[in-house]
Amino acid sequence: MNRTTLSLIAAATALAAVTGFAAVTAPDSAGTTTTAKTPARVPVERSSLLCPAPSTSELAETVYTSFTPAGTPGEGTGGAAELAPSVVPLDDTDTADDEKKTDDEAQDDEAKDDKAKDEEAKKPAADGADAKAKPFLALKEPGKPVSGTKKGADAPALVGTATGSLAPGWTTQQTTTVTAGDSRGLLGMTCTAPDTDFWFPGASTDKSRQDYVHVTNPDDTAAVVDISLYGKEGLLKSTTGEGIPVPARSSVPVLLSTLTGEAEPNVTVHVSSRTGRVGAVVNAADQKIGGDWLAASADPAPRAVLPGIPADATSVRLVVFAPGEDDAELKVQLAGKSGTIVPSSAAEPLNVKSGMTASLDLGDVTKGEAGSVLIGPGEAGGETPVVAALRVVRGKGADQEVAFIPATGPVTERATVPDNKAKGSTLSLTAPDKTAKVKVTASAGSGGGEQTVKTYTVKGGTTQAVTPPVPAGLKGSYALTVESESGGPVYAARTLAVTQDGVPMFTVQTMPDDRGMVSVPATKEDLSVLK
């Protein structure tokens, strides 16, 4: 094998360790093509996370908890994992001003705006923006979480990178408590990895809601994004959602109601990047039932699992969008403690027109037993990809609280969620098909304690909601790691709950696979003898 071949394999291996799977074929010494063996599984060498500015309330208190699971095969030693403030925090004043313009004025300015946005996108980081900000949160070792707290409305968006042994499975939880106001509640989210495409069914432009999509750019050059809104009749008219610049190392909140004059209770938001990578998440606030973060749905697929509905949920609404060219006819089911049923509120198939948002009110569907919603093609439906999310309410009257559960992916190997306390956490495990066995590890605490491991068997077609294990001698908070051991696919979610002045505050984080391991090509040649 010559040096060119060796360089190709080295490049592919490095690419896979950062971004995922890469495969190569290489000519052997005789000039014929040698196909690589079954790809090997190796830990990622670099991970990135983005956390939006948590709140505009002076009453807000935000806890950030960062963690990397220990024991990743082949993880090596060394590395760093740090989160630092974005250098150029922005507000939504420019977007809000656009709402005051007439349609004619907006059209007159459109050409000028497009030119300005193109110029903005070409700019590098502003003076000083490329200087490394002082880390706010730095993880020291795998297996032990670290936490930091910010109070008030000036907590910035955070961007960060993990390398070496701290990269595989690195995750950060952002949990904010707001005791009063429209955004009152327990707002939780898992900080996101940068990407280029996001779907958010379950948002709203209704007058009772104040929903912002936060777009964060971790890189040293500007990004440009388009934000599209879809209601029950299709695409909502907007003159300001295209070509929105996100300056280097900054976070931009965009109030959805400023993008359209149409008030819709159920909206699907699509954020797509023209240039650059971004993180995106929706902050939803309701005047009557508080607020929470709405994370992106799993990629469009014909089937979806939405795990973690609390047993005492008083109202559940399913919101679905079909982004492709075909309509979808969906069967809606509930996987509970004893098995899977079709709720009476979902007796008829849910019809979702292409490019339109559909909703289904399921009421108090869990009836005192925690469960998960399963959706898939109906008897007359095809394999039409959809995205979906649940709006879940606990409590009654003035003491209500809302949270959101997006469709999520399975725990194919491992998934982790930090910021668990001795009380208040519930772990939901759903096996929609075959019976599955999982291992759950409660890490050491941020202030001390020893990890604890417990194994659960989840029967096919059921949801098992458990009080998770707690580390022995726990001090501070700890992380929960779920690992698939055998059987069918498992979907997981963690609920945090706390009662504040009679209000049952809660937040639900789904637990898709952490993608801490990636596939790289194996070769038949022994590269150690090459010179």
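**Exercise 1. The chain as a whole**

What percentage of the 531 residues of the protein chain count as buried?

Solution. The structure is a predicted model, in which local features need pLDDT of at least 70 and side-chain atom pairs count only at pLDDT 80 or more, while totals for chains, interfaces and linings use all residues. Residues are numbered from 1 along each chain as its sequence is written, and side-chain values use heavy atoms, with hydrogens and water left out.

Step 1. Take the cut-offs: buried means under 20% relative accessible area, exposed over 50%, and partly exposed in between, with a 1.4 Å probe and protein chains only.

Step 2. By this rule, 51% of the 531 residues are buried.

Step 3. Count the secondary structure: the protein chain has three helices and 41 strands. Helices (H or I, at least four residues) and strands (E, at least two) are DSSP runs, numbered from the N terminus.

Step 4. Turn to contacts, meaning heavy atoms within 4.5 Å. Among contacts with a separation of 6 or more, 82% are between residues 24 or more positions apart.

**Exercise 2. Two open sheets**

Give the strand order of the open sheet that contains β5, and name its edge strands. Then do likewise for the open sheet that contains β39.

Solution. Step 1. Two strands pair if DSSP finds at least two bridges between them.

Step 2. The sheet with β5 has four strands in the order β9-β5-β11-β12, and its pairing is antiparallel. Strands β9 (146-151) and β12 (185-190) each have a single partner strand, so one side of each is left without a neighbour in the sheet. From one strand to the next the twist averages 15°; axes are lines fitted to C-alpha atoms, for helices over the stretch in contact, and angles run from 0 to 180 degrees between N-to-C directions.

Step 3. Within this sheet, β5 (residues 61-67) and β9 run antiparallel and are joined by six bridges. Glu 61 stands opposite Lys 151 in β9.

Step 4. The sheet with β39 is also open, with four strands in the order β36-β32-β39-β40 and antiparallel pairing. Its edge strands, β36 (462-466) and β40 (503-510), each pair on one side only. Neighbouring strands here are turned by 20° against each other on average, direction ignored.

Step 5. Eight bridges hold the antiparallel pair of β39 (residues 491-500) and β40. Val 498 has Met 505 in β40 as its bridge partner.

**Exercise 3. Strand β19 and its partners**

How many residues of strand β19 are buried? How many bridges does β19 form with β13 and with β15?

Solution. Step 1. Strand β19 (residues 267-275) is mostly covered, with seven of its nine residues buried.

Step 2. β13 (residues 197-203) pairs with β19 in the antiparallel sense over six bridges; Asp 197 has Ser 272 as its partner in β19.

Step 3. β15 pairs with β19, also antiparallel, over seven bridges. Here Val 225 stands opposite Ser 273.

**Exercise 4. An aromatic pair**

Describe the pair formed by Tyr 230 and Phe 321.

Solution. Step 1. A pair of aromatic rings is described by the distance of the centres and the angle of the planes. Rings of Phe, Tyr and Trp (its six-membered ring) pair if their centres lie within 6.5 Å; planes under 30 degrees apart count as stacked, over 60 as edge-to-face and the rest as tilted.

Step 2. The whole structure holds five aromatic pairs. In one of them, the rings of Tyr 230 and Phe 321 are 4.7 Å apart, centre to centre, with 45° between the planes, and the pair is tilted.

Step 3. Tyr 230 lies in β15 (residues 223-231) and Phe 321 in β23 (residues 313-321), so the pair ties together parts 91 residues apart in sequence.

Step 4. Tyr 230 and Phe 321 are both buried, and with Trp 199 they form one aromatic cluster.

**Exercise 5. The disulfide**

Which cysteines form the disulfide, and where do they lie?

Solution. Step 1. A disulfide is a pair of cysteine sulfur atoms within 2.5 Å. The search of the whole structure finds one.

Step 2. It joins Cys 51 and Cys 191, with sulfur atoms 2.0 Å apart. The link is right-handed, with 110° about the S-S bond.

Step 3. Cys 51 lies in β4 (residues 46-51) and Cys 191 in the loop between β12 and β13, 140 residues apart.

Step 4. Cys 51 is buried because its relative accessible area is 0%, and Cys 191 counts as buried at 4%.
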